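Hi,

Here's the structure I said I'd pass on to you. Have it open while you read, and my notes should be easier to follow.

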Amino acid sequence: MSAGVGVDLENLWIRFGDFVAVRDANVNINGGDFFSFLGPSGCGKTTILRAVSGFLEPSEGKVLIGGKDMRGIGPNKRPTALIFQNLALFPLMKVWENITFSLEISGASAKERRKRADELLDMIALPDQGDKLPSELSGGQRQRVAIARALCAEPDVLLLDEPLSALDLKLRQHMRTELREIQKRVGITFIYITHDQGEALTMSDNIAVMRAGVIDQIADGKTIYNDPNTAFAASFVGENNVFRGKIKQIMGNEALISTNRSGELVARISTANQGKLAVGDDAMMFIRPEAFAIASDGASGDHFVTARVNHEEFEGNVFNIFTEGDGGKEIKVSLPNLGQSFDDHTGQNITLEYETRNAVLVPAGELAAE
Amino acid sequence: MRFWFRRVNWPRNKGPTMPGFLKEFFNRNGIGMGAAILGLVLFWTIGLIILPQLSMLDFSFRPNLPPPEIGGPKDVYTLENYKYLIYGPEGGSQSYNAVDLRVFFRTLLAAVCVTVFNLILCYPIAYYLGQSKGNHIRIFAIMLIIPYWINEILRAFALRIIFGETGVLNTLFVGLGIWDTPFDFIRNDIALYAGLGYAYILLMIFPMYNVIESLDKNQIEAARDLGAPWWRIHWRVVIPYAKPGISSGCTMVFMLSAGALAAPQILGGPSSLWFTQLIYQQFNDNNDWPQGAAYAIVLLVTCILFVLAMMRLFKVNMGDIGK
């Protein structure tokens, strides 16, 4: 889909006094994409959204929408619509008035507006709810009204600021699917802000992982999960086990590292770092909990890890084993529940096995806070 | 008052036949504290407001008699005090009491003007105070409050100094050559309107400020994002939200302006009486308490009816006024 209007950030800097909220961001968002900014709170993702919507002028650099520089153009003149974290529905207006507020501004007649509201209410599966007040709707329904209100303005780009964070888990998962469907149907560009990697992974075409004002990686969800650029991206997106060490030997795209506590291990160098690491560099190796298997006792080599089991838990779909790990952090192993019997290993040493392609090596760096 | 009812959580007491809200009130505050609070509130409303007003009402229906005849055969209920306002003295030259009625309606109209003028002046201030953050807001608020430490009469005379024939403004404008002769602010009632407006600025600002402060900034941004120009944001989002504060402020300013005495006395032009001055004259100069009471009751009732009519017109609930 390339029909939509793209958004480009060029060398974007945003400062508040001495504080740098966004540092040299360069992002190309394709028209019609569902693009997410993913990062912990305070990483600058909302600041970027405000710069795109026009509530904030960048200190340096450009925001381009459809190739057009947006500098000096106010939020009421940009082809964007923003969905606020708290939705910001107008509490004193009826649902249909809320939805068609943008039409009211352009001077459409009440009859026209009512008609458009009914169409949009049908689309969000809330027919005949137009005469209620927002306070009379449930959280999920309000959510959909906010989407309809934004879509009614027929924006080229829809901006969403963690709109699902106030909903309960079930509804949130349901709304993910719904948002994705709405986006496919209307075909416009969605820019989605979230700290929830599950939301970002399930909905997005592309994701930008942000940390302290810096964009660490921009890629599709699968790449970010399997082939992270940085230690932060590896540790923030999904669960991951870290092994710190020094690079001992480099063999093409693989490397042997001497880890602090698990001996010498082999890993695949992440794509972005290939050719950039050298022998002797501090590095971090990441292995996902689900990438481990239990090896037979006594097995050893450069893709085996032996550790003492602290505790175990049964989670239903997986069986989790927590062993002593590097730097005080436990190693988590998740074995899928396929009906096999699980032995209790607590207090014993077990040997874990992994495949080299599942161990990703990145330069040593800052980890995401737990 | 709401918050200090809630704060104290005394042991529960049960009253068997009390209505729900009273029961809850005593449950929250305990019998002792509850009774004390309730007693004070009742004393305040009944003892200090309702009973004196009732006695005024009683006065207004009685003839003005010398003290020995009070309670005598001539002391009967009569409407003559009210008739006087409408028809004037018996055997007078006019069929209507044109002088007093004109003063009465002029007072109401002027109070409406003061209210509207104050609203227009105070809404931007209240909006600014309510929506911006920082210490300068506190300084602003203090600057608004401090003039009220000075007593009303002094403030009124201070305005006379500004607006008088040889006052600050006239000296300035004549000195600059903008006007040839001094402008008579007093005779043209400008000093009076300014004085009344100034006296009630706080009562207009604070209720509005209170409401606007609680308005979610995102609402304003959402409206802007959807393309609304600033005036429409105010018209459709801020003003509807601030309506309880606006009506509360307007009610207070209107009632107090209509009932003001010091400002009209000091700042009013010689030809423009305020209705309260007539009431004062009846009580004080003519020593005719029943006539004064009747005038005061007419003013009070008219003001209340006017406010109720306005509330209905603008669809404001009584509960909103208390916000």
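Below is what I found in it, going from the overall picture down to a few details.

One thing before we start: this is a predicted model.

**The big picture**

Chain A has 370 residues, and 41% of them count as buried. Its C-alpha atoms fill a box of roughly 80 × 50 × 35 Å along the principal axes. The secondary structure of chain A comes to nine helices and 20 strands. If you take the contacts in chain A with a separation of 6 or more, 67% are between residues 24 or more positions apart.

**A sheet of four strands**

Have a look at the open sheet with the order 2-1-4-5 in chain A, where the pairing is antiparallel. Strand 2 (19-29) and strand 5 (68-69) of chain A are at the edges with a single partner strand each, so one side of each has no neighbour in the sheet.

Strands 1 and 2 of chain A make a hairpin with two residues between them. In that turn, A:G17 has a positive phi of about 65°. Seven bridges hold this antiparallel pair together, and A:F16 of the pair sits opposite A:F19 in strand 2. On to the next pair: strand 1 (residues 7-16) is joined to strand 4 (residues 60-65) of chain A by five bridges, again antiparallel. There, A:W13 stands opposite A:E60 in strand 4.

If you haven't met this yet, strands of a sheet pair through backbone hydrogen bonds, either parallel or antiparallel.

**A sheet of six strands**

Chain A also has an open sheet of six strands in the order 6-7-8-3-9-10, and here the pairing is mixed. Which strands stand at the edges? They are strand 6 (80-83) and strand 10 (214-219) of chain A; each has a single partner strand, so one side of each is left without a neighbour in the sheet. On average, neighbouring strands of this sheet are turned by 15° against each other, direction ignored.

For a parallel pair, find strand 3 (residues 34-38) and strand 8 (residues 189-194) of chain A, which are joined by five bridges. A:F34 has A:F190 in strand 8 as its bridge partner.

**Helix 4**

Helix 4 of chain A (residues 110-123) is a nice one to check by hand. At 1.5 Å a residue, its 14 residues should span 20 Å, and its end C-alpha atoms are indeed 20 Å apart.

Its buried residues are A:R113, A:A117, A:L120 and A:L121. Looking down the axis of helix 4, these buried residues fall within an arc of 100°, so they line one face of the helix. As a reminder, an α-helix has 3.6 residues a turn, so residues three or four places apart point the same way. The buried residues of helix 4 pack against helix 2 (95-99), helix 3 (101-105) and helix 5 (139-152) of chain A. On the other side of helix 4, A:K111, A:E112, A:E119 and A:D122 are exposed. Just after helix 4, A:A125 takes a positive phi of about 60°.

**Where chain A meets chain B**

Here, 15 residues of chain A are in contact with 16 residues of chain B. Strand 6 and helix 3 of chain A each supply at least two residues of the chain A side, and helix 3 gives the most, with three residues. By class, that side of chain A has eleven nonpolar, four polar and no charged residues.

Happy browsing!

Notes:
Residues are numbered from 1 along each chain as its sequence is written. Chains are lettered from A and ligands numbered from 1 in the order in which they are written. This is a predicted model: local features need pLDDT of at least 70, side-chain atom pairs count only at pLDDT 80 or more; totals for chains, interfaces and linings use all residues. Two strands pair if DSSP finds at least two bridges between them. Axes are lines fitted to C-alpha atoms, for helices over the stretch in contact, and angles run from 0 to 180 degrees between N-to-C directions. The expected span of a helix is 1.5 Å times one less than its number of residues. A residue is buried if 20 or more other C-beta atoms lie within 10 Å of its own, exposed if 12 or fewer, and partly exposed in between; C-beta atoms are placed from the backbone. The arc is that of the directions from the helix axis to the C-beta atoms. Two residues are in contact if their C-beta atoms, placed from the backbone, lie within 7 Å. Ala, Val, Leu, Ile, Met, Phe, Trp, Tyr, Cys and Pro count as nonpolar, Asp, Glu, Lys and Arg as charged, and the others, Gly among them, as polar.
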